[in-house]
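The turns below ask how certain labels are earned. Each reply sets a value against its cut-off.

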Amino acid sequence: MTEKVLAKVDYLKPLPDMPYDVVMAGRREYHERVRTSLADIVGNDRITDDQQVLERYSHDKSFEPAGRPSFVVYPENVEQICRIVKKANELLLPVVPASSGTHCYGAAIPRMGGVVIDLSAWKTIYKIDHRNRATRIQPGVTYDELQRALESHGLRALFPLLPRKDQSVVTSHLEAQPKLIPEFNYSEPIYTAEIVLPSGDLFRTGTAAVAPPEANKTDLIGPWGPGFDWNRLYTRAQGTLGIVTWLNIMAEPLPTREKLFFTPCNSIDQAAHFTYRLGKKWIGYECFTLNRAALAMMLAEHGPDEYRTIKENAPAYLQIFCIAGLKRFPDERIAYQEADFFETARECNVSPSVQVPHIPRAASFFATHLRQCWDRDVYWKDMYKGASAEIFFITTMDRAAAHIAALQQEAIRFGYDPSDIGVYLQPIENGRAAHLEFIIPYDPGNAYEVRRVKDLWINASEAMYRLGAVFTRAYGYWADMVNRCNAVQYATARQIKEILDPNNIMNPGKLGL
Amino acid sequence: MGLEKYRWDLVNCERCSMCKWVHPWSIKSRDRARICPSMQKYKYDAYSAQGRFDLARALLEGEIDFTPKTLEVIYTCTLCGGCDVTCKFTRDMEPLEVLHELRKYVVQKGKGPLPGHVPAVESIRKNNNPWLQPAARRGHWARKMKVKDIMKERAEVLYFAGCTYSYNANLQHVAQATLQLLIDTGVDVGILGAAEACCASPVIKVGMEELFRERAAKNIELFYDRGIKTVITSCAGCYGVFKSQYPAVGDMKFEVLHSVEYLDRLIREKRLSFTKTVPLKVTWHDPCHLGRGGEAQDLWEGVRIKWGLSDPPRHRNYGTNGIYDPPRNVIRAIPGVELIEMERIREFSWCCGAGGGVKSAFPDFAVATAKERIEEAQETGAEVLVTSCPWCESNLSDGITAAGSQLRVMSLVEIVRQAM
Amino acid sequence: MSLPPGAYEALENALGAENVCDDPAVTSGYSYMWLLYSTHAQSGRYRPAAVVLPGSTKDVQTIVKIANRYKFSYIPVGTNLLPPTIPARPDTIIIDPKRMDKILQIDTQNMYAVVEPYVTYAQLQAEAMKVGLTITVAEAGAQVSVVANNMFQGMGGTGHKFGYNRGILGCDWVLPNGEILYIGSRGNPHAGWFWGDCAGLNLKGLLRADSGHCGGLGMVTTMAVKLFPYPGPKTFPVKGANPDFKVDFPKDLFRLNLIKFPDRKKLIEAMYEIGHAEIAAAVHEEPASMVLSGASPSVEYFWEKWPEFMKQWRNVLSVTLIGFSSPRQVVYEQKVLDQIVEELGGQYIREDSELWRIGEDNIGEQIRTGLSNRLFRVAGDFFVIGGFGFDSIDQSYKMSEEYMWPLIEEGQRKGHFIPDDTHNDWLNSYQLGHFSETEPLIFFEHDLDAGATFITSYMKTIQEALKRKMCTTWPLGPMNYIAGPHMCNYHELVLNIKRKLDPRLTSNPDYPVPQQPPG
Ligand SMILES: Cc1cc2nc3c(=O)[nH]c(=O)nc-3n(C[C@H](O)[C@H](O)[C@H](O)COP(=O)(O)OP(=O)(O)OC[C@H]3O[C@@H](n4cnc5c(N)ncnc54)[C@H](O)[C@@H]3O)c2cc1C
């Protein structure tokens with residue numbers, strides 16, 4: 001193949017009249033050529049086309065269509081990745097990076113086949129830099145692994161809500177999963193990154209650009225440039241612009257004492273109002289709100305009955321708020337923030353307490369789970385019915401009520417009990433914006449319910465979009481939805497993609513690219 | 001040396017744009033943040049001190065030639081001195097002097113002033129006033145008053161009415177009221193009657209230095225001749241030029257006071273007291289030539305040496321030693337009057353729009369500027385905009401018409417009279 | 001310096017004659033500024049072929065399309081403080097946003113403002129303060145454009161608390177092809193302005209970096225920017241008269257600490273400790289030159305005080321505490337600060353001292369920059385040495401000590417830079433000490449010789465930084481060709497993107513990276 005015309009099919013041109021077996025032989029030949037090329041790079045034992053393995057990568061928890069890779073490779077080092085990517089350009093072979101064990105949103109499904117580069121075994125924590133509150137990690141490092149390592153240095157990782165055990169910290173940061181702490185400066189937690197560009201060249205962002213870490217005399221902290229804000233461009237790019245091989249990310253001081261407060265609210269507006277006010281006071285650490293369904297999903301250890309009991313007893317919404325002390329005068333820090341917290345609560349007419357009324361276990365659950373991965377086998381979102389669909393986006397807290405109402409309406413329209421939809425509202429940057437997430441449990445074994453929930457999911461996504469939801473993490477269907485209404489963004493994104501990835505080999509199809 | 005004297009300033013302007021704004025710390029809103037009327041109206045940077053510095057530098061260095069636009073850029077400036085205040089906060093430069101020098105330069109080159117300025121200039125030459133009125137009628141405003149004629153008998157204090165208060169039928173009452181008040185409080189005051197001549201502010205403002213020097217010298221001589229100890233004027237324009245420009249022309253052996261200063265002094269000395277309540281909400285407009293334009297200029301001649309130091313060191317005006325407190329003291333002393341300040345006051349006062357020859361050559365610009373001041377005054381909730389300058393009073397009245405506002409403009413002395 | 005035939009008329013037809021001007025009397029106002037002796041003196045500067053005043057995004061689109069049709073270039077500007085706004089080629093027009101000067105919205109709840117490009121920080125902050133919000137104001141001065149500055153550095157006094165260069169939310173961006181790219185939440189027509197990250201590929205990444213694209217990729221015509229909580233008075237509390245304004249914040253909520261450390265190392269330690277304790281809203285090493293210039297009502301005053309002041313004011317850290325939640329916060333933070341200061345042997349500058357009187361307005365400067373242009377007062381011209389990186393606090397210190405000051409001393413020996421043996425920089429903490437940046441300040445005369453010395457030092461620091469594998473930030477225009485090859489050839493990526501998005505090179509052609517390396 002000399003002409004690089006991948007993904008540009010001329011549908012009007014009749015297909016060449018080629019016998020089936022010739023086509024198949026060609027394919028087999030190509031497959032083998034790819035295998036040898038890749039095996040030359042990584043060695044035979046680090047490449048597989050075992051059908052069972054490929055199957056695992058070909059679909060995920062989402063409703064996104066399946067796509068089977070031709071190979072999965074497990075490179076040992078960056079140099080191998082560079083060579084693979086260069087080879088992939090020659091072979092016009094799609095390359096899909098994967099770091100987490102479980103995938104949820106279709107981003108790592110090889111829509112157009114190709115090779116999956118699995119980095120989940122890349123578990124090196126290169127450095128824990130207490131002084132600069134930074135840690136440089138490889139893509140396979142999970143939250144529990146990282147947190148364990150950081151704690152001995154008096155640091156903490158910035159956690160999303162109950163990440164999966166096999167969730168890659170790097171991916172979580174790259175995909176900008178919302179973090180539990182809405183303090184402003186934690187919303188862009190990436191310092192520097194190493195990226196294998198779609199050309200196969202190695203690139204580093206920020207101050208890392210000046211030399212590889214070993215030779216670099218900076219602390220790899222400066223996130224800017226060089227030239228453009230690559231960290232931003234690569235955030236949520238879903239692997240379409242390259243493969244990140246390490247990230248240097250923020251870590252924060254480990255609290256020496258903590259105090260959790262639970263504030264029952266009878267409406268999302270009440271919770272939002274309280275959260276807004278706290279944000280302006282700039283106190284506390286973790287802060288988020290769950291509705292009773294989401295709370296019940298987390299707390300029920302013994303199946304649907306317990307789920308229902310907890311749901312019945314839980315307040316409509318529960319705001320969870322953490323105040324902590326650090327190294328210096330921790331009790332006094334807690335004391336002043338607590339005083340301000342309760343003053344605000346009084347002004348907002350809410351009554352926080354250290355317990356959740358009627359749900360005694362809640363307090364101890366959150367006390368242990370704000371810096372922990374989900375530790376049971378069935379993920380909390382799936383506990384009620386075995387599977388769940390998710391809709392999440394960025395909005396503002398004052399719009400949450402409208403979003404929730406619209407979603408409930410959609411649910412009713414599709415015959416789904418709206419009270420079973422979990423709601424998670426995560427303020428960002430002192431509440432200037434919020435991540436709003438809906439969890440829609442369904443029974444994966446019930447084909448009718450699957451279809452119904454899928455329809456609900458699509459229609460509700462569209463409804464949220466019409467209400468102004470910003471689908472910054474534009475997975476699968478959502479990418480088409482947002483691109484449809486933003487032609488210039490889409491066209492410009494394609495231009496950028498063309499420059500960086502002229503052969504469109506990097507996770508093609510994602511983000512509509 | 002003219003413009004050349006300011007070459008260092010021209011070359012060293014870093015283009016920080018401070019000259020376009022009230023000093024950041026004193027900005028209270030988006031709408032009232034600007035200091036330069038010319039920028040507000042014409043938008044291009046050329047219409048700021050920074051742009052006019054660039055223009056002056058480019059002219060001096062032969063980068064550009066005169067075009068009709070050059071003159072427009074130079075003359076669409078009220079010389080209000082707002083730029084001077086914020087610039088000087090940061091730099092050791094003299095924007096207001098440069099703006100004056102630029103006009104002189106234009107006149108020297110035979111390009112200025114503008115046709116719109118010529119009638120007033122010629123009238124000053126011929127009639128001693130810019131209003132094309134016969135010199136002989138100058139004293140008519142006081143013809144019904146019993147007052148000393150200084151040309152005939154001595155008086156310690158000269159009340160200098162100025163051209164506008166003398167001739168403008170709508171404003172004469174201000175001169176009359178002030179003079180009466182001085183008489184009533186027992187001041188040994190007189191007037192020059194037909195012998196009073198224009199202060200020549202309008203000619204220096206358009207760059208006609210020679211004519212100005214000639215006229216100013218004559219005035220100084222006359223005042224000196226007549227043994228005048230104190231000159232009191234109600235016109236901020238006259239006041240400003242007496243204070244800031246006359247010292248460069250001749251030795252001023254007399255004190256110059258604006259009537260508001262004198263009123264303040266009378267109140268403090270308990271020679272003036274009020275018997276009536278005047279229930280009014282007012283706001284005070286600081287006339288440029290009473291405020292930041294009312295400071296004596298340093299007649300510095302020297303050079304800029306290493307690091308831009310001045311050799312010999314020079315005094316600079318920061319716009320703060322003008323007459324700001326006296327009118328406010330007077331207003332506050334009047335029973336019933338409530339003073340509510342505008343956002344831009346004192347050294348950051350927004351110009352009325354009439355100065356610098358703008359009213360005659362660019363009347364629309366003048367009114368647009370006044371309109372903005374009226375809007376600002378309205379925002380305070382005041383019923384009356386008080387000031388003490390005939391140019392401001394008349395142009396702000398035009399601003400009221402343009403803004404369709406209910407606000408009234410009054411001269412301070414009118415309120416004082418009401419309270420007596 | 002003239003446009004291709006027909007172009008001027010096309011602009012006039014589109015915008016109205018009063019909004020287009022090519023008269024040299026007007027264009028010369030856009031052709032000169034600070035640093036030019038040292039930079040453009042070599043590369044040449046031009047008066048713009050015309051200046052245009054668009055009134056709307058649509059006007060800007062039209063201008064850009066005309067530029068493409070008639071093949072001339074344009075430079076979008078804010079308040080034109082930066083040299084890249086001066087044309088370096090003929091046939092260039094300036095898009096001056098003076099008529100686009102509105103604050104379109106302030107959302108109090110969600111803490112953002114929507115502004116057009118000719119809104120300044122002082123204006124925006126004045127309005128924000130009325131509703132209990134503020135913004136971190138660039139040290140370039142509160143009179144610069146909020147939009148332009150956010151695309152450049154967006155770095156200000158309170159960056160320790162509010163962050164560095166992360167202020168951009170939704171934007172309307174006219175691309176070099178004349179189309180509008182909606183950034184962030186603007187990409188969803190139902191969403192509004194509140195968020196900056198795009199759905200889909202995050203093209204906001206092209207809008208900002210350490211120094212942005214400098215108008216090389218079109219013009220942002222409206223921008224939403226982040227606002228932050230502000231517990232202070234509704235108008236900026238200033239007293240006194242020009243040129244001696246003093247700020248007067250309520251002490252229970254705003255407290256300035258000026259702390260002298262025995263040496264710079266201790267000061268650096270204190271910055272780390274403050275960051276780890278997560279206290280304070282503004283933390284800066286304040287060099288003597290900056291503090292004294294800020295307090296100087298005249299150049300004479302500065303030079304009279306400088307020799308003695310330079311000896312007295314060393315290794316001083318300025319720490320501003322703000323009680324966002326209540327005065328209780330200030331009490332707590334002061335206690336923590338006291339402990340840190342004691343551990344490191346620091347001493348507070350006493351409030352009854354002359355040093356305090358000179359430095360006390362620092363608190364006003366952190367909140368609304370009003371003194372910084374006095375830096376130009378000291379010697380005529382001013383800039384910071386190049387080759388500094390934005391990295392850790394340690395890194396700032398190392399760069400400064402290892403090669404920046406030695407190079408500055410070279411310039412001092414030649415008599416071109418003012419004498420200063422303090423080795424103190426303007427060294428800043430951002431985002432609670434996560435980042436830092438250092439700016440050794442250079443004061444030099446505004447003439448060709450001094451300018452040449454400055455530029456030489458500037459370039460040398462960049463080269464030194466690269467040689468030592470200490471990253472350099474801020475290479476503008478042609479300097480990218482020096483830095484690029486040492487930094488993963490980023491300049492080529494940037495150049496390729498420039499070529500793709502601006503194929504006719506109409507948008508400030510030499511930025512962000514010129515087509516050719518410098519001759
Ligand atoms: C003494 C001094 C100190 C400084 N200190 C700081 C500091 O502490 N923090 C900081 O952040 N910065 C600082 N700077 C740099 C400062 O960021 C810029 O000078 C500032 O942005 C200038 O604003 P401006 O409105 O004058 O922008 P301009 O100079 O007009 O524009 C800056 C650049 O942006 C481009 N541009 C402007 N508007 C647009 C638009 N709408 N769309 C696209 N491109 C546009 C221009 O083409 C130009 O290249 C400092 C500068 C100086 C001179």
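Q: What makes C:Cys171 buried or exposed in this predicted model?
A: The relative accessible area of C:Cys171 is 0%. Buried means under 20%, so C:Cys171 is buried.

Q: Why is C:Cys171 not called part of a disulfide?
A: The closest cysteine sulfur to that of C:Cys171 belongs to C:Cys198, 8.7 Å away. A disulfide needs the two sulfur atoms within 2.5 Å, so this pair is too far apart for a bond.

Q: What makes A:Cys82 buried?
A: A:Cys82 has a relative accessible area of 12%. The cut-off is under 20%, and therefore A:Cys82 counts as buried.

Q: How do you know that A:Cys82 is too far from C:Cys488 for a bond?
A: The two sulfurs are 11 Å apart, and C:Cys488 holds the closest cysteine sulfur to A:Cys82. A disulfide requires 2.5 Å or less, so the distance rules out a bond.

Q: How many disulfides does a search of the whole structure find?
A: Over all chains, the search finds zero.

Q: Which residues have the most contacts inside the largest nonpolar core?
A: This core has 273 residues, and those with the most contacts inside it include A:Phe438, A:Met464 and C:Leu201. A:Phe438 touches A:Met464, and its other contacts beyond four places in sequence include A:Ile391 and A:Leu407. Another core, of 132 residues, lies apart from the largest one, with B:Trp141 and B:Ala366 among its members.

Q: Where in chain A does pLDDT stay under 50?
A: It does so over residues 1-8, for which the model has seven contacts beyond four places in sequence. For chain A the mean pLDDT is 93, and 97% of its residues reach 70 or more.

Terms used
Residues are numbered from 1 along each chain as its sequence is written. Chains are lettered from A and ligands numbered from 1 in the order in which they are written. This is a predicted model: local features need pLDDT of at least 70, side-chain atom pairs count only at pLDDT 80 or more; totals for chains, interfaces and linings use all residues. Side-chain values use heavy atoms; hydrogens and water are left out. pLDDT is the predictor's confidence in each residue, from 0 to 100. Contact means heavy atoms within 4.5 Å. A nonpolar core is a set of buried Ala, Val, Leu, Ile, Met, Phe, Trp, Tyr and Cys residues joined through side-chain atoms within 4.5 Å. Buried means under 20% relative accessible area, exposed over 50%, partly exposed in between (1.4 Å probe, protein chains only).
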